[in-house]
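Me: Could you walk me through reading a contact between two chains, and then the cores?

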Amino acid sequence: MTDYDVIIVGAGAAGMTAAIYTCRKQLKTLVISRDVGGQTNQTNHIENYPGVDPQPGPQLMEKFKANAESFGAVFEYGGVTKVDKNKDNTFTLTIDDGTARTTRAVILSFGRNARRLNIPGEEQFWGRGVATCVTCDAPLFKGKVVAVVGAGNAAAEGALELAPLGSKVYLIHRSEKFRADEITVQKLKADKRVTIMLNKTPIEVKGDKFVTSITLKDTINGKTSDLPLDGIFLEIGSIVDSSAVAGLVSRNEQNEVIVDKNGNTSCPGIFAAGDVTPVKYKQTVISAGEGAVAALECHAWLTGQKGVH
Amino acid sequence: MQELSPQSFPAAITKGPIIIDFWAAWCGPCRALAPTFEKLSHEFSGKLAFAKFNIEEGRDLAVENGVLGIPCLILFKDGKEVDRIVGQLPEPAMRQKIETALKKVR
């Protein structure tokens, strides 16, 4: 007898939607997560989720959680460090507090984490001028000199969000090509408050108690220069940390968990949904839909396997 | 949980050890941290005071205290910063960090 019928790892749009569906199928469901909301939390204004008024991402995610809890989902805060398959085809999940939970099935929906530069000073000045969440921290940089590193939508939109607040905003990118939508790039180029620095990459963050400058390396001629500033926002994409299921499920070169169209991984009984998979479009509504698919597939597998108890 | 204002903040930090959660409603990680912070406030009851400060109520005060990223927990004793914890962490890690910070004032 396991502790749960299904344990869902991660509480973003995919995981919490999966929980709604598994609970409604009368599966005893536990959601383990380091946070509630996942990537949607980084959005200050979500207006493309059908049927709800535009609202902050965290607010929408709290509604997801309340919805899942109303159907009986149990939430625990923590990270899953290891998933083991037992001899009887059940699973044991080890939590970062050293405890373990057993379950008949697992749904992986722990999404992605912000990518770091991994340069000297980055860790030391984390939260002391180095940040990743423009939406969270932009107001603290009012009147200050800040830089955004990256070339995707998050970087471009971040620079545009900071422009009215900062005394000076730089956008730093290692090449000449933007990945952001053309309309956003046009806005960026038209905003005189933003200085775009191309072919530059940060190699060190410097400061005393807080950040005072970054060292940039020119990616073409290799020359270095110091840029005095108060803050640096990293918007350089995200990575998947799927080490907890390494060796148990097939993953691609980006460590994303490979699934079929119904959310089955290579390991029977383990399903995955949302940004942890190679899904091309990272959207709240898509993750929610994938969460529902994985949950229904999980229910079908469990009932086909033993019947629900 | 005591919610401090810019007016009550100075007096609150001059007393015994207190840990203050600088947060904002628009900050997802802050909201995610809230239940953990509330739970830990009960666990540390009698040893460490817990309070919250919404930076929307006093952005200048947050900046004066060097808060450049939220959530940011700062432990004060006798009006001075003893330690700080930046970012949202899982409950066990947060408990351990607070215990480590608290040892610095004992």
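Here is a short talk about the interface and the nonpolar cores.

Reply: Ground rules: this is a predicted model, with local features needing pLDDT of at least 70, side-chain atom pairs counting only at pLDDT 80 or more, and totals for chains, interfaces and linings using all residues. Residues are numbered from 1 along each chain as its sequence is written, chains are lettered from A and ligands numbered from 1 in the order in which they are written, and side-chain values use heavy atoms, leaving out hydrogens and water.

Me: How many residues does each chain give to the contact?

Reply: Contact means heavy atoms within 4.5 Å. Chain A gives 26 residues and chain B gives 22 residues.

Me: And how much area do chain A and chain B bury?

Reply: Buried area is the accessible area (1.4 Å probe) that two parts lose on being put together, summed over both. Here that's about 2,100 Å², with 63% on carbon and sulfur atoms. On chain A's side, A:Tyr77, A:Cys136 and A:Leu140 supply 28% of the area buried against chain B, more than any other three residues.

Me: Which residues form a salt bridge?

Reply: Look for a side-chain nitrogen of Lys or Arg within 4 Å of a carboxyl oxygen of Asp or Glu. The rule finds 1 across this interface: A:Glu62 with B:Arg31, closest N and O atoms 2.9 Å apart.

Me: What about the largest nonpolar core?

Reply: A core is a set of buried (under 20% relative accessible area, 1.4 Å probe, protein chains only) Ala, Val, Leu, Ile, Met, Phe, Trp, Tyr and Cys residues joined through side-chain atoms within 4.5 Å. The largest has 49 residues, with B:Phe9, B:Ile20, B:Phe22 and B:Ile70 making the most contacts inside it. A second, separate core of 30 residues includes A:Met16 and A:Phe271.

Conventions. Buried < 20%, exposed > 50% of the residue type's maximum accessible area, 1.4 Å probe, protein only.
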